[in-house]
Structures are given as structure tokens and as C-alpha cells.
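Dear colleague,

I am handing over the structure we spoke about, and I would ask you to open it and keep it beside you while you read. My notes on what was found in it follow below.

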Amino acid sequence: EPKKLEFKLSKGPHPVPNGTTIFRNLGIAGHVLLSGQPAIVLDAKKDPRHWAGIDQMTGFSTKNMIATPIKRLDGEPLGVIEILNKSPGTPNQEDVIFLQILSSFLSLAFHKSWLERSHQTVDFMHFIEDCVHNMKNMLMTIFSCEELLRDELAQLSHDESSTKSAP
């Protein structure tokens, strides 16, 4: 089991250079990895688990965070995926669910990549980026459908209550 977490992919205005490592017991990412449980952090500066070393290295200021472990198919933690500084709004349980779904797909992608590497060389980072992109597209469709279904249910509920109150 590795003693460090390695940044494999970082996007945004101040990305962490690929290959950067931190000890796996540091920060919220380390806590999520070791506990195997997701975390919602509303104020990173006030959270005792927050490690400011990455912020200092990149010049980024972490305000809030959602993090969830990426697990192997056997449930063992493999890594962590984080979303930093949600805007607009603040991190919530729905964000955790979204990240857990994404994490499950990433776990499958890692497993698929491992299987493929036993037969051929795979450009791993492009593969993961493609998976993340495809997941984002699929989840946006799911969230759009969820909103439509909520509207439909609200309308049905309204229609039903109107019917019950009619003579």
C-alpha cells in the first residue's frame, strides 16, 4: 500500500502539477482515503483536517470541498476525488452523491485500464479524462431528467389535491 497520495489529474486555474505527492495521512484527502468515507467541508480554513501545503504551493485558496474515496472493486481505497470551491452555493449531500457516482465509474475505469494494460499499453490520463467528460455529460442528463420529474410530480400532486377538493 503506497505511503503517499499522488496527484494524477488536477484541473482549474491553479492546478497541482501531475506527479506531486503528499503523505497519505495529510489533509482532508488523506482522511477520506484512510477512513473510506466522503467528506463535506464548508470552511476549509477552519477544518482541522485541512492541510494548507498544496494551497501554498499552487497559490490557490481552498474555501470549501467535497471529497470521496475512489475504491477498488474489493472496496479498498485506491485514491480520492475532490471538488473544491463550489460556486454558486455550498457543498451538500447531493454533491457527495454525484461524486460517489463519479467515483464508482472511475473505479471501473481504473479496473478496465488495468485489464487492458495486461494486453496493451493504454494512455491512462487521456482515458480518465475521457471517462470524466463522458460521466459529466451523462450526469447532466440525469440531473436534467430529475428536475423534469420533480416538476411532473409537483404537477401531479397539485392535480391530485385539486381533484380531491372538487365536489
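**A buried threonine**

Thr-58 counts as buried because its relative accessibility is 16%, which falls under the 20% limit used for that word. Please bear in mind, here and in everything that follows, that this is a predicted model. Thr-58 is found in helix α2, which runs over residues 53-58, and its side chain reaches the backbone nitrogen of Phe-60 at 3.2 Å. If residues up to four places away in sequence are not counted, Thr-58 touches His-14, Pro-15 and Val-16.

**The overall layout**

It may help to step back at this point and look at the whole chain. The secondary structure of the protein comes to four helices and five strands, and when you read along the sequence you will meet them in the pattern β-β-α-β-α-β-β-α-α. The protein has 167 residues, of which 31% count as buried. Among the contacts with a separation of 6 or more, 46% are between residues that lie 24 or more positions apart.

**The largest nonpolar core**

Which residues of the largest nonpolar core touch the most other members? This core has 14 residues, and those with the most such partners are Ile-81, Leu-99, Leu-102, Leu-106, Ala-109, Phe-127 and Ile-128. Strand β4 (65-71), helix α3 and helix α4 each supply at least two residues of the core, and α3 gives the largest share, with six residues. If you would like to follow one member, take Leu-102, which touches Ile-81 and Met-135 when residues up to four places away in sequence are left out.

Helix α3 also holds Ser-103, which counts as buried because its relative accessibility is 5%. Leaving aside neighbours within four places in sequence, Ser-103 is in contact with Thr-68, Pro-69, Ile-70, Lys-71 and Ile-81.

**The second largest pocket**

Rolling a probe the size of a water molecule over the atoms shows where empty space is left. The second largest pocket has a volume of about 200 Å³, and the elements that give two or more residues to its lining are α3 (93-117) and α4 (124-165). The lining is made up of Glu-94, Asp-95, Ile-97, Phe-98, Ile-101, Leu-139, Ile-142, Phe-143 and Glu-146. Helix α3 provides the largest share of this lining, namely five residues. Sorted by class, the lining has six nonpolar and three charged residues, with no polar ones.

**Two details in a loop**

Where in the chain does Pro-88 lie? Pro-88 lies in the loop between β5 (77-84) and α3, and the loop between β5 and α3 is also the place of Asn-85. Both deserve a look at the backbone, since most residues other than glycine have a negative phi, and most peptide bonds are trans. The peptide bond from Ser-87 to Pro-88, however, is cis, with omega near 0 degrees. Asn-85, for its part, has a positive phi of about 55 degrees, although it is not a glycine.

With best wishes

Methods: Residues numbered from 1 in each chain as written. Predicted model: local features only at pLDDT ≥ 70, side-chain atom pairs only at ≥ 80, totals over all residues. Heavy atoms only, no water. 1 Å grid on protein atoms, 1.4 Å probe; cavity = no way out; pocket = protein on both sides within 12 Å on 5 of 7 lines; lining within 4 Å. Points joined across faces, edges and corners; volume = space filled by probe spheres on them. Nonpolar A, V, L, I, M, F, W, Y, C, P; charged D, E, K, R; others polar. Buried < 20%, exposed > 50% of the residue type's maximum accessible area, 1.4 Å probe, protein only. Polar contact = N/O pair within 3.5 Å; in protein donor to acceptor, adjacent residues only side chain to side chain. Contact = heavy atoms within 4.5 Å. Core = buried A, V, L, I, M, F, W, Y, C linked by side-chain atoms within 4.5 Å.
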